[in-house]
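Today I sat down with this structure to look up a few spots that a bench biochemist might ask about. Here are my notes, in the order I took them.

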Amino acid sequence: MTNNKNVLTWINEMKELVKPDQVMWIDGSEEQLEALRATAVKTGEMIKLNEELLPGCYLHRTRPNDVARVEDRTFICTTKEEDAGPTNHWCAPAEMYKKLYDIARGSYQGRTMYVIPFSMGPIGSPLAKIGIEVTDSIYVVLNMAIMTRVGAKVLDTLGDSNDWVRGFHASCDIDPEKRYICQFPEDNTIISVNSAYGGNVLLGKKCFALRIASYQGWKEGWMAEHMLILGLENPKGEVKYVAAAFPSACGKTNLAMMIPPKYLREKGYKIWTVGDDIAWMRIGPDGRLYAINPENGFFGVAPGTNEKSNYNALESTKKNTIFTNVALNLDNNTVWWEGLDKNPPENALEWKGNPWNPSMFVKADKSTYAAHPNSRFTAPAVNCPCISSEFDKGAGVPISAIIFGGRRAKCTPLVYQSKSWENGVFIGSAMASETTAAAAGAVGVVRRDPMAMLPFCGYNMGDYFRHWLEMGEKLGDKAPKIFNVNWFRTDDEGNFVWPGFGDNMRVLNWIIDRCEGKADATETAIGYVPKPEDIDLTDLDMDMETLESILTVDSETWKKEAAEIEEHYKKFGDKLPAELRKQLETLKANL
Ligand code: GTP
Ligand code: SPV
Ligand code: MN
C-alpha cells in the first residue's frame, strides 16, 4: 500500500520483533472492515447487536482488570528527566524500549498484525497529522476506523515523508503488572502493552493527539488540548465558537452536544458540535486562534447518557457503534446502562457477562451495576444530529472563548471570567476537580488537574504553562477570553444545585455576551462573576437566592484554596513562570 521506506522499515522491525502469522494492511474499505467484524463475532471478541434496533452495532467486553486509563503506568520517555517534568512518570528511552520490546517479543505468534494508517484531522488538512498503529486486536482496528480517518488515502497523503507517528500496541496477556503506556516524544513513537482498553490502546487519541501532539505543539508553536469545541448559533444565524477543557468524565461530551432550553430554541439558539474531547489550535492568518477536532468519532461515557441528558449523543449511538462494558439485554439483544432509562432489563448480562437483573442493583455499591461506570460508546461523528458543518473542514473554527471547568462540590462559582489572558492561564494552571472512573484509582478525590491536561501533557508542565503565556502574547488582543465554570456545586444534602446539561446554555450565553461586551458582572478577587440577574432563569424552577448561593466567592474558602495552589505550585520549582507566581500573589492580596 506504500513505498515509503521509513514506514516499510519500521513495519519490518515490528514484524521481526513480534513474529505475527500474517500482516494485514487496513485499507479503509467497508469490505475489509466488515470481514473483520465477522471474524470478531466468530471469535467472541464482539457480540453483534439487534440489527433492526441497533444496525451495525456491537458489544465488546474488556477484562475486568482493564477498564480505564492507567495513569500510574503511563510514561513520558525523554532523554532528560526534566523534560517529562514533575507531573509525569519518566523513564530513559533506551531502558524503556528494551523493557517493552522484551515484553512484546514474539507476542503476535498465532495472530495477525494489523497495520492501520490513520489521519488525525481531515485528510490533507494543513492542521492534520498522520500516524500508523500496529496492533494485534481487531477491536482496536474497528475502534480506530470510527475514531480516526483510516486507510490507503492516508498513505497516499503521506507519500515519502517521514513526518508520522509510530504507534505500536501489543495485547500480550493483558497482565496489569506488565502494562505500560509509553510516549517517546523525541522519536514520535508510542508503545502500549498489556492493555486492550480505549485510551490505552486507541493510540491516535490520548497518546498521540494529546501527549505527543502537545510536545509537537510546544516545539512548533501550536496547542493540543483536552477540549471540546462547539459552535453557538444565535437567532441572527451568527455562530461563535467556544473550546472547553474539563477533566475526564466532567461533561465535555454533554456540553458539546447540548440542546438549549425550549424558550431559547424557540428564539433560534442552537448548538453545533465540532469536537467532544480534543482540540488542536493554531493562530490563523488573521491572528485569531483556530481549532480543529483531530478525531472522527466519539469515545463517550455511556452511564448517565439518555434522551433527556444528551439526546444527540444517544442518537449518535443508534447505528455503526461499538459499545464497551455496558450491559446486554438478552430479551431483545440491545444494550443498557445505568441512567439510560427507568426500565432496567429483567433478563440481562452485566458488563462482565454474568447474569443480572434489577433486584441485584444496590445504588451505593458500584460493583452491583449492570454497566461499568467507565463503560463507553464509540460512535461515528457523522451520526451526530448536531454535528457542525465545519467539522470536516480542515481550516478550523475561530475560538471566541476558552472555558475551564471541573467538579467542585464547594468553592468554585458556577461561572466567572478571568481578568486577562495571563489571569486565565493562572486559573487553568490551578484547576482542581474530583477524580472520576475514567482512570484507575480512587474516585471523588479533589486533585489539581491543570487545564484538564494532568494525565495528557507530554512534557514539563512548567514549560506548558510558559507555552500558554507565549501563545497569549502572540494572540494579543485577538486572544479568546478565558472563563471558568463549575456545574457541580452541591447543597448541604449533597445534591447538585445547578440543573446543568441543556441549562448550561444560560451560562454559555452570558459567556458569549461577555466576549461581546454585552453582559454585566461584578469584579471579585478571583475574576468577574455574573450578578444573579445576569443569568437568564426563564422557565427554570430556581430562585435568585439559590442562584446567588452558587455565584458567591467566599473569602475564607478562597484563602484556603490559594494556600493549596501555593502548595501545588511548589512542584514546578524554577519552571513555574514568574507571571503565575505574581498572579497567585495578586489573588492573595485581593482576598
Ligand atoms: P471524557 O470522555 O472522559 O473526557 O469525559 P467528558 O468530559 O466528555 O464527560 P461526559 O460529558 O461524558 O460527562 C460525564 C459525566 O458527567 C456523566 O455522568 C454526565 O451525566 C455528567 N455530567 C455532564 N454534564 C453535566 C452537568 O451539566 N451537570 C451534572 N450534574 N452532571 C453532568
Ligand atoms: C478520558 O479519560 O479523558 C477519555 C477516555 O476521554 S480515554 O480515551 O480512555 O482516555
Ligand atoms: Mn477525555
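I started with the yardstick: buried means under 20% relative accessible area, exposed over 50%, and partly exposed in between, with a 1.4 Å probe and protein chains only. By that measure I count K342 as exposed, because its relative accessibility is 81%.

Before going on, I noted that this is a predicted model, where local features need pLDDT of at least 70, side-chain atom pairs count only at pLDDT 80 or more, and totals for chains, interfaces and linings use all residues. Residues are numbered from 1 along each chain as its sequence is written, chains are lettered from A and ligands numbered from 1 in the order in which they are written, and side-chain values use heavy atoms, leaving out hydrogens and water.

**K342**

I found K342 in the loop between β21 (334–336) and β22 (348–349). For elements I use DSSP runs numbered from the N terminus: helices are H or I with at least four residues, strands E with at least two. I also looked up K342 against A213: they are 129 residues apart along the chain, and their C-alpha atoms are separated by 42 Å.

**The manganese ion**

Which protein atoms hold the manganese ion (ligand 3) as donors? I found K206 (NZ), H226 (NE2) and D277 (OD), at 2.2 to 2.3 Å. Donors here are N, O and S atoms within 2.8 Å of the metal (3.2 Å for Na, K and Ca); water is not among the atoms, so sites may look incomplete. Along the chain I read the spacing as K-x19-H-x50-D. H226 sits in the loop between β12 (223–225) and β13 (227–233), and D277 in the loop between β15 (270–275) and β16 (279–283), so this pair, 51 residues apart, links distant parts of the chain. Both H226 and D277 are buried.

**Ligand 1**

Next I listed the 21 residues around ligand 1, of which A249, K252, T253, N254 and R376 come nearest; a residue counts if one of its heavy atoms lies within 4 Å. For polar contacts to the ligand I took pairs of N or O atoms within 3.5 Å. A polar side-chain atom of R376 is 2.7 Å from a ligand 1 oxygen, and a polar backbone atom of G251 is 3.1 Å from an oxygen of ligand 1. Helix α9 (252–256) and strand β18 (297–301) each give two or more residues to the shell, with α9 giving the most, three residues.

Terms used: A polar contact is a pair of N or O atoms within 3.5 Å; within protein, one must be able to donate a hydrogen and the other to accept it, and residues adjacent in sequence count only if both atoms are side-chain atoms.
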